[in-house]
Amino acid sequence: QSRGAIFDLDGVIVDTARYHYLAWRRLASELGFEFSLADNERLKGVSRARSLELLLEAGGLSLGVEKKAALAEKKNRWYVESLARMDGSELLPGARDYLLAQRAAGRRVALGSASKNAGMILQRLGIAGLFDAVIDGTRVTNAKPDPEVFLLAARELALAPADCVVFEDAAAGVEAARRAGMRVVGIGDAAILRDADLVVSGLDRLLPAASVPTA
Ligand code: G16
Ligand code: MG
């Protein structure tokens, strides 16, 4: 039985991937190329800087450091604009109930996200108070699949990595959790999340029937 539960944000608690995609597509369009939803798959769970590299690669562009910094900032402005309209209705099914169930079971709960906007997103969703520790893109140097984000989360929860279980939707995140020495529940497609200990389609699938509201 694990004593700590560490949750990824995008794809596990909320579907911000849609907003990331719209902003990246707008940037690609300004740069003169198309960026499809299929192209966007590779950007999931990956840092902003690395996402831009993948986008430019898809468009066959090679740009200088300063230009890239300006483009990443522009994309982030559009993304943050779209977050301003976000509220608790955008929580993925079962997310709030599952976080509450973890706390009720006495587990310590942490966020382990690549996003530099995670704090604001938790506030907008109204769930910031459900986390004992929040480790996000502002606090780590090495992006997933490096285990840094999850190791830091365990340390802040004052737990050993072996006492923690990670919930992740991206292959890079599953690898990061493995490298941290943690068990991992994949959220999404078992074919993509092959290295997870267990894969379910969403946190709602992990809720006991008794805690699913009947009315
Ligand atoms: C999320 C998304 C990625 C995004 C990254 C950085 O990660 O899945 O697509 O590029 O955060 O986000 P930002 O530009 O807001 O710093 P996660 O780890 O929550 O799945
Ligand atoms: Mg994710």
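Two residues are in contact here if their C-beta atoms, placed from the backbone, lie within 7 Å. Keep that cut-off in mind while following this tour of a predicted model.

**Stop 1: V166 and the main core**

Select V166. Leaving aside residues up to four places away in sequence, V166 touches I6, G112, F150, A177, M182 and V184. Add F150 to the selection: in the largest nonpolar core, which has 44 residues, F150 and V166 touch the most other members. To display the surroundings, colour the elements that give two or more residues to this core: β1 (4-7), α5 (95-104), β2 (108-112), α6 (118-125), α7 (148-157), β4 (164-168), α8 (171-179) and β5 (183-187). The largest share is that of α7, with six residues. In soluble globular proteins, nonpolar side chains tend to be buried together.

A separate core of eight residues lies apart from this one; select L43, V46, L52 and L55, which are among its members.

**Stop 2: strand β1**

Now select β1 and look at its two faces. In a regular strand the side chains alternate between the two faces of the sheet. On one side of β1 are G4 and I6, on the other A5 and F7, and all of them are buried, so both faces are covered.

Which strands pair with β1? β2 runs parallel to β1 and is joined to it by four bridges. Within that pairing, I6 stands opposite A110 of β2. β4 also pairs with β1 in the parallel sense, over four bridges. There, A5 stands opposite V165.

**Stop 3: D8 and D10**

Move on to the loop between β1 and α1 (17-31), where D8 is found. D10 lies in the loop between β1 and α1 as well. An unreviewed UniProt entry lists D8 and D10 under "active site".

Is D8 buried or exposed? D8 counts as buried because it has 28 C-beta neighbours inside 10 Å. Display its contacts: beyond residues up to four places away in sequence, D8 touches G112, S113, F167, E168, D169 and G173.

D10 is buried too, because 24 other C-beta atoms lie within 10 Å. With the same sequence neighbours left out, D10 touches T16, A17, S113 and S115. S113 is thus listed among the contacts of D8 and of D10.

**Stop 4: ligand 1**

Select ligand 1 and the residues around it. There are 20 of them, and the closest are L9, D10, S113, A114 and K116. By class, the shell holds five nonpolar, 10 polar and five charged residues.

From that list, pick A114, which is found in the loop between β2 and α6. A114 is buried because 25 other C-beta atoms lie within 10 Å of its own. Not counting residues up to four places away in sequence, A114 touches G45, V46, S47, G137, A143 and K144. One of these contacts, V46, is a member of the eight-residue core. For a distance check, use the C-alpha atoms of A114 and R124: the two residues are 10 apart along the chain, and the atoms are separated by 18 Å.

**Stop 5: R42**

Finish at R42, in the loop between α2 (37-40) and α3 (48-58). How many C-beta neighbours does R42 have inside 10 Å? The count is 15, so R42 is classed as partly exposed. A last pair to select is R42 and R26, which are 16 residues apart along the chain and have their C-alpha atoms separated by 17 Å.

Conventions: Residues numbered from 1 in each chain as written. Chains lettered and ligands numbered in written order. Predicted model: local features only at pLDDT ≥ 70, side-chain atom pairs only at ≥ 80, totals over all residues. Core = buried A, V, L, I, M, F, W, Y, C linked by C-beta atoms within 7 Å. Buried ≥ 20, exposed ≤ 12 C-beta atoms within 10 Å, placed from the backbone. UniProt positions renumbered as here; feature names shortened; annotations may be inferred. Pairing = 2+ DSSP bridges. Near = placed C-beta within 6 Å. Nonpolar A, V, L, I, M, F, W, Y, C, P; charged D, E, K, R; others polar.
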